[in-house]
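Please look over the sequence and the model shown here before reading on. The report that follows describes how parts of the interior and some of the strands are arranged.

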Amino acid sequence: MPKLSDKKLCADGECSHPILIARALQDYYPGDCRFIPIRQGQLVYVYAMLKDRGNLFWAGSVQDSYYGQQEARIGHFPSSVVEETHALMPATTEVKTTKWDFYCY
């Protein structure tokens, strides 16, 4: 799968702390496995914001009962389908992306 961007902004060097919580404004149905499905009204924990040519995409996980007992996974989604509800940590750490950021399994 092609990389969406060469860099991302995170709260820390491992992108392990969420930057913000956002609420989905609309449903989003992904085109491939690099992306996560989001339903209107769901909360999304955002861990990274892609830079440069991928700046329209964020990486995060959906955290609510929509997935039932499934483990939440981190994936990408367009930033335009969510609105920020709570800032948690500043996204001031620039991190290079790797092929694993966009790996499909």
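## Core and strands

In this predicted model, Ile38 makes contact with Ala24, Gln26, Asp27, Tyr28, Val44, Val62, Phe77 and Val81, when residues up to four places away in sequence are left out of the count. Apart from the largest nonpolar core there is another core, made of 5 residues, which include Cys10, Cys15, Ala48 and Ala59.

Ile38 also belongs to the largest nonpolar core, a set of 20 residues in which Ile38, together with Leu20, Val44, Val46, Trp58, Phe77 and Val82, is listed among those with the most contacts inside the core. Two or more residues of this core come from each of the elements β2 (20–24), β3 (43–50) and β4 (57–62), and β3 supplies the largest share, with 4 residues.

Strand β2 deserves a separate look. Of the 5 residues in β2, 4 are buried, so that the strand is mostly covered, where buried means under 20% relative accessible area. The table sets out the two pairings of β2, each with one pair of facing residues.

| Partner of β2 | Direction and bridges | Example pair |
|---|---|---|
| β3 | antiparallel, 4 bridges | Leu20 with Val46 |
| β6 (residues 82–87) | antiparallel, 5 bridges | Ala22 with Glu84 |

Which residue of β3 is the bridge partner of Leu20? The partner is Val46, and both Leu20 and Val46 are named among the residues with the most contacts inside the largest nonpolar core.

Notes
Residues are numbered from 1 along each chain as its sequence is written. This is a predicted model: local features need pLDDT of at least 70, side-chain atom pairs count only at pLDDT 80 or more; totals for chains, interfaces and linings use all residues. Side-chain values use heavy atoms; hydrogens and water are left out. A nonpolar core is a set of buried Ala, Val, Leu, Ile, Met, Phe, Trp, Tyr and Cys residues joined through side-chain atoms within 4.5 Å. Buried means under 20% relative accessible area, exposed over 50%, partly exposed in between (1.4 Å probe, protein chains only). Contact means heavy atoms within 4.5 Å. Two strands pair if DSSP finds at least two bridges between them.
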